[in-house]
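Dear colleague,

I am passing on the structure we spoke about, and it appears just below. My notes on what was found follow it, and I would be glad if you read them with the structure open beside you.

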Amino acid sequence: MTENSTARTVVAGVDGSTPALQAARWAAEEAVRRKVPLRLVQVVDITSVAAEFPVPRDFFTAMEEEGRRQLAETEATIRQDHPELDIDAVLRVDNLVRALIGMSHDADLMVLGARGSGGFRGLLTGSTAVALVAHGHCPVAVIRGAGADGAPPSHGPVVVGVDGSPTSEAALATAFEEAAARDTDLTVLHTWVEYASDVAYASARQYFIDWEGLETREHAVLAERLAGWQEKYPDVPVRRIVAEGRAAKRLLELAADAQLLVVGSRGRGGFTGMLLGSTSQALIHHAPCPLLIVRPTAASS
């Protein structure tokens, strides 16, 4: 991975749900491809339960036993496909957010299902996902887009959104690396106008005198940004798209036939606040393929 290169583990969250199992399988493929161990983690979060009402110790013991059972089942499933893979199964009794952020210190990649149950219930519909992206220490993959066979798409291009911010530069580096590793094409989207409404867009078109000139300049900016990466990855075919409008909408359209969507954890311009507001929710909940969220490298921060 471009970032956090000293950490050598792919971590997948386990909770017994089908999406979590799909995520663990995807994580196993990544671990094999990267030649690193896979860590399966079940977090038993008793903090919210204990705070609301008193429960007997047997209840917590049962939760831990169920967590271990789910871990064992997931590990057994993964080993059927990857018998030689180094797998570490870990159960943590802790606050969910704190545990995930802590584990991200020693991970190349954190992998989560699009929705879950048990300790991961609501993980990607509320503050937990945002907290992991905002305060974690490695990229986060949200596995979506399972087909009829239950697996995420494994064909199609890698799609990346860029805007020139440090995180989008890290996302671009990662996207080239991922496309090369998958022997597939790369689609690069650069949006340069983010408008709040169609009325605002119409007004901007009316009062910007040299709109075409601005668009031409943005094409040149993108070409310059890609030049070095295309020299480094000459065998990766690149499709460039410079577009006006909302980044999330265009990314979702482009990702319809993709095997991976890559974005930065935060940006500027069309990607401002991507993982803090409506854009992040759109991508997390509606991406038709796995979503990889990248943090800035130390060099670009």
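Ser168 belongs to helix α6, which covers residues 166-182; please keep in mind that this is a predicted model. The residue has a relative accessible area of 3%, and because buried means under 20% relative accessible area, Ser168 counts as buried. Leaving aside residues up to four places away in sequence, Ser168 is in contact with Gly161, Val162 and Asp163. Ser265 lies 97 residues away from Ser168 in sequence, yet the C-alpha atoms of the two are 8.0 Å apart in space.

Turning to the interior, the largest nonpolar core has 41 residues, and the members that touch the most others are Leu38, Leu40, Val111, Val160, Leu186, Val188 and Val262. For Val262, again without residues up to four places away in sequence, the contacts are Val158, Val159, Val160, Gly161, Ala171, Thr174, Ala175, Leu292 and Val294. Apart from this core there is another, made up of 33 residues and including Leu189, Leu251, Leu254 and Ala255. In soluble globular proteins, nonpolar side chains tend to be buried together.

As for the protein chain as a whole, its secondary structure consists of ten helices and ten strands, and 50% of its 301 residues are buried. Among contacts with a separation of 6 or more, 80% are between residues 24 or more positions apart. The chain exposes about 14,000 Å², of which carbon and sulfur atoms supply 51%.

With best regards

How values were computed:
Residues are numbered from 1 along each chain as its sequence is written. This is a predicted model: local features need pLDDT of at least 70, side-chain atom pairs count only at pLDDT 80 or more; totals for chains, interfaces and linings use all residues. Side-chain values use heavy atoms; hydrogens and water are left out. A nonpolar core is a set of buried Ala, Val, Leu, Ile, Met, Phe, Trp, Tyr and Cys residues joined through side-chain atoms within 4.5 Å. Buried means under 20% relative accessible area, exposed over 50%, partly exposed in between (1.4 Å probe, protein chains only). Contact means heavy atoms within 4.5 Å. Helices (H or I, at least four residues) and strands (E, at least two) are DSSP runs, numbered from the N terminus. Accessible areas come from the Shrake-Rupley method with a 1.4 Å probe; for residues, only the protein chains shown count as cover.
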